[in-house]
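Biologist: Please take a close look at the part of this model where the strands pair, and then set it in its surroundings. A connected account, suited to a first-year student, would be welcome.

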Amino acid sequence: MLVLKRLIAVVVTSVTVIVGGAAALAQQPGTGQPRPWQLGLQGSASPVMTDIIWFHDLLLWVIALITLFVLALLVVVMVKFNARSNPVPSRTTHNTTIEVLWTVVPVLILVTIAVPSFRLLFFQLHTPPADVTVKATGKQWFWSYAYPDEKFEFDSLMVADKDLKPGQPRLLAVDNEMVVPVNKVVRVLTTGADVIHAFAVPSFGIKIDAIPGRINETWFKAEREGVYYGQCSELCGKDHAFMPITVRVVSDKDYAAWLGDAKKKYATDDSRPTSVAAVEATK
Ligand SMILES: [Cu+2]
């Protein structure tokens, strides 16, 4: 018994130290970008991400309770039914009640999980009528954003360490940000120009492959103004880690002003077919 007590004491102490230390180090999760020593998901800035966080927390409770229950069963077995305290073991092999229970209870738990899981899946996959459409093309190794309704497109490249301005996070900031209005449904179309990339912005709860030769679709509705960062999330070559995504969410007025500027700044010459322009650009 002494050994068991010491063992329990060691386990309890180490769990307390680990959990306490992690909690002390862990910062509140940032919204829009990660924080050093952050635990958990990034904060939510969209309805989909709010639901993802809720579902994640629900699952955490379910998993924790099941794990504790199994641990308790194991401890009971170890204490009550070891060779010393229970020298003559029972020869029971079947118990209908328990067999029905351990089949039905897990099924009920899975059904309880499945209902909110499918609801979230449909919420993510069904794009509501969009206010703004942005096409994000993954390229080795940067993103291009096209606003098809406004007829312009621009490239978005990572800011090198030496050029970072105060407040710009390393490896996440870009020169030309994708800009969208606040509280509007933004439809994001993704494709790849060379290999498979993936467009992901954690605070919006979106992550979708950008595949050459096909268009994928996802959506988000940013509920607060601010700057939100993401990264390419499909290993796409040597500079995969250096093609971040920056989304700036602004008011309707600022968005209209940005659109006006952007149309001039990124104006495409419609008189030439784009393929010819692209070939000439490489010369
Ligand atoms: Cu990529």
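Modeller: Thr137 has its bridge partner in strand E5, and that partner is Thr191. The model is predicted, and this pair is a convenient place from which to read it. Strand E1 (residues 132–139) and strand E5 (residues 185–192) run parallel and are joined by seven bridges. Strands of a sheet pair through backbone hydrogen bonds, in a parallel or an antiparallel manner.

E1 and E5 belong to an open sheet of five strands in the order E3-E2-E1-E5-E8, and the pairing in this sheet is mixed. At its edges stand strand E3 (152–156) and strand E8 (216–221); each has a single partner strand, so one side of each lacks a neighbour in the sheet. Direction ignored, neighbouring strands here are turned by 25° against each other on average.

The antiparallel sense appears between E2 and E3, which pair over five bridges. Within that pairing, Ser144 has Asp155 of E3 as its bridge partner. The hairpin of E2 and E3 has four residues between the strands, and Lys151 takes a positive phi near 60° there.

The chain also has another open sheet of five strands, with the order E4-E10-E9-E6-E7 and again mixed pairing. Its edge strands, each pairing on one side only, are strand E4 (178–181) and strand E7 (206–210). From one strand to the next, the twist averages 25°. Strand E6 (residues 197–201) runs antiparallel to E7, with five bridges between them. One bridge pairs Ala198 with Asp209 in E7. Helix H4 packs on this sheet, where it touches E4 and strand E10 (245–250), and its direction makes about 140° with that of E4.

H4 itself covers residues 252–265; at 1.5 Å a residue its 14 residues should span 20 Å, which agrees with the 20 Å between its end C-alpha atoms. The count of buried residues in H4 is zero, and the helix is hardly covered.

Where, then, do nonpolar residues gather? The largest nonpolar core has 36 residues, of which Val134, Ala136, Val180, Val188, Phe204, Tyr228 and Val247 touch the most other members. Strand E2 (residues 142–147) supplies the largest share of this core, namely four residues. Domain 1 (2–125) and domain 2 (132–269) both contribute residues, so the core lies between them. Val247 shows how such a residue is surrounded: beyond its neighbours within four places in sequence, it is in contact with Glu177, Met178, Val180, Val201 and Tyr228.

Two further helices complete the view. Helix H2 (residues 47–80) has 34 residues and reaches 50 Å from its first C-alpha to its last, close to the 50 Å expected at 1.5 Å a residue. H2 is hardly covered, with a count of two buried residues. Helix H3 (residues 96–125), with 30 residues, reaches 43 Å between its first and last C-alpha, close to the expected 44 Å. For H3 the count of buried residues is zero.

Finally, the chain as a whole comes to five helices and 10 strands. Of its 283 residues, 20% are buried. Among contacts between residues at least 6 apart in sequence, 61% join residues at least 24 apart.

Key:
Residues numbered from 1 in each chain as written. Predicted model: local features only at pLDDT ≥ 70, side-chain atom pairs only at ≥ 80, totals over all residues. Expected span 1.5 Å × (residues − 1). Buried ≥ 20, exposed ≤ 12 C-beta atoms within 10 Å, placed from the backbone. Pairing = 2+ DSSP bridges. Axes fitted to C-alpha atoms, helices over the stretch in contact; angles between N-to-C directions. Core = buried A, V, L, I, M, F, W, Y, C linked by C-beta atoms within 7 Å. Domains from an automatic or database assignment. Contact = placed C-beta atoms within 7 Å.
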